[in-house]
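User: I am new to this structure and would like a close look at one part of it, the sheet and the way its strands pair. Please take me through that part slowly, and then show me a little of what lies elsewhere in the chain.

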Amino acid sequence: MSDQVRIAFEPAGTVLHIPRGVPLRDVLFRYGVEFPCGGAGRCKGCRVRLLEGDLPATPIERERLSPGDLAAGWRLACCHAATGDLTLDIEQWEAVILADETPFAFTPRDGYGVAVDLGTTTLAVQLLELSTGRVLGVRSELNPQARYGGDIMSRIEYALDPHGREMLARLIREAIGALIGDLLASVPVSAGLLREVILVGNTAMHHLFCGLDPAPLAQYPFETAHGGMMHFRAAELGWRLEGDPRVRFLPCMGSFVGSDVLAGVLATRLHQSQRLCALVDLGTNGEIVVGNRERLLCASTAAGPAFEGARIAMGMRAATGAICEVTRKKQAFHCRVIGGGAPRGICGSGLVDAVAVALDLGLIEPDGLLAGAREDLEICPPVRLNQRDIRELQLAKGAIAAGLRILLSRLQAGLEDLSDVYLAGAFGNYMNRISAWRIGLIEAPPERVRPSGNTALLGAKMALFGDKAQTEEIEQILARTEHVSLASDPEFMDIFADAMQFPDLTGSRPITSEDC
């Protein structure tokens, strides 16, 4: 028996020869198959269809999949290894990854630098010429850790075991090192002139990259093992870069509010504002900062999974085949699909739009129940939303809205006092702000909401030009910031329950883009 097996993917036509016994999870992730629950067999997000070969159904599959699905060849990739030749029906797709080209003020210095936005789902890496601030190249890809869990808590759970922690650190370091090496090889840059690499990411990514024990993040009071600035040399990370440049991972702001949010504060200059502003990062984890040059409050909410498409029956990342925009056309849904063609699922921005339109059409009640005893809503065949999907969105949007309300209350302010609300992250950048207001996700008037792109990457680039003054600026931001634990706020549950409701606009004139 050969030690190699043949795996063919349709309709892509890709053929791989891999060692016998390799888990399919390790093979299929880079070809677009998602593993939101980390391979626990709970979510059915890794469904593939067997066209040729033998994959006997496991007990988990017989529990999760219908007899008709099993007979049609559907399997959960997380339940199987490559023990024989297989032909699998999977859809090859590319994710939309948000980079940044925003100009900013800087003090020129010699050499080159690399800025890295280490996201839970995606990685974005930019190479800069430090004398001009010019971006010479960009590389991005999916975070390879996602095969061990699409959300933060699944990954932390996997990393509680020392072997898992070592595995996740190695995976992410190798991926980022390869992207940096690819960037340096693609442009006429002497690697010896690479002065520094700056990384930002949420608190979990900070710990998992740095090899820190994530156990404190897995239990109350959810504190960090070490949330401060982390310093490395490239060689310590296994990166063979000429000159062995310095590598810094910027500090976290507190608990689950990471250095990606600190970078967002730097990018928006929120800490220098005279007026009250808010920064809301709607990624896998929802993070909020409210304040001005006098005081900053920050908090995190467990809101991201629904916005990333996880826990939604037909949810998916913003990638080819995802419904990304839904508008009302007479009395029906009108959808836009990434890449065109038939939809495969719905991503976060499409979900918010779809529910906003359904509310306007009277298909969803303010309490979130489907009207008329419906079992589900057909958005665009075959994509449908069910009652559980609506409830997942209510939980996510309620957490964000409640967090913003509580932080404002701590500052003795209200929504009417906010001059600007900066939306950071890919989801926040592509989300329709009128739809967000319609469902009660962002309750501030839409005209005050500013989609701000990848503020994490922009802030990381600004830090590449850091001198003593900027180091002091970061220290001042951290000293001025108070982390608020929403779960310990005595009013949180009441505010959260109220914020889960959808706004009842019966008899009101709906806001349109002309109002913004």
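Analyst: In this predicted model, Glu10 has Asp89 of strand S5 as its bridge partner, and Phe9 is likewise bridged to a residue of S5, namely Leu88. Both of these bridges belong to the pairing of strand S1, residues 4-10, with strand S5, residues 86-89, a pairing that runs in the parallel sense and extends over 4 bridges. Leu88 also appears in a second pairing, since it is the bridge partner in S5 of Leu50. That second pairing joins strand S3, residues 47-52, to S5 through 3 bridges, and here the two strands run antiparallel. As a general matter, the strands of a sheet pair through backbone hydrogen bonds, in either the parallel or the antiparallel sense.

These pairings can now be placed in the whole sheet, which is open, has 5 strands in the order S2-S1-S5-S3-S4, and is mixed in its pairing. At its edges stand strand S2, residues 14-19, and strand S4, residues 74-76; each has a single partner strand, so one side of each is left without a neighbour in the sheet. From one strand to the next, the twist of this sheet averages 35°.

Turning from strands to helices, helix H7, residues 259-268, and helix H14, residues 468-480, have axes that come within 11 Å and cross at roughly 110°. An angle from 65 to 115 degrees counts as roughly perpendicular, and H7 and H14 are therefore roughly perpendicular to each other. The crossing of H7 past H14 is right-handed. Where the two helices meet, H7 brings Leu262, Val265 and Leu266, while H14 brings Glu473, Ile474, Ile477 and Leu478. Sorted by class, the residues of this contact are 6 nonpolar and 1 charged, with no polar residue.

A last place to look is Leu464, which lies in helix H13, residues 455-464. Residues under 20% relative accessible area count as buried, and Leu464, at 0% relative accessibility, is therefore buried. Apart from its neighbours within four places in sequence, Leu464 is in contact with Arg109, Gly113, Val114, Ala115, Leu128, Leu130, Glu196 and Ile198. One of these, Gly113, is 351 residues from Leu464 in sequence, although the C-alpha atoms of the two are 6.4 Å apart in space.

How values were computed:
Residues numbered from 1 in each chain as written. Predicted model: local features only at pLDDT ≥ 70, side-chain atom pairs only at ≥ 80, totals over all residues. Heavy atoms only, no water. Buried < 20%, exposed > 50% of the residue type's maximum accessible area, 1.4 Å probe, protein only. Contact = heavy atoms within 4.5 Å. Axes fitted to C-alpha atoms, helices over the stretch in contact; angles between N-to-C directions. Parallel < 35°, antiparallel > 145°, perpendicular 65-115°, else oblique. Left-handed = near helix turned anticlockwise from the far one by under 90°. Nonpolar A, V, L, I, M, F, W, Y, C, P; charged D, E, K, R; others polar. Pairing = 2+ DSSP bridges.
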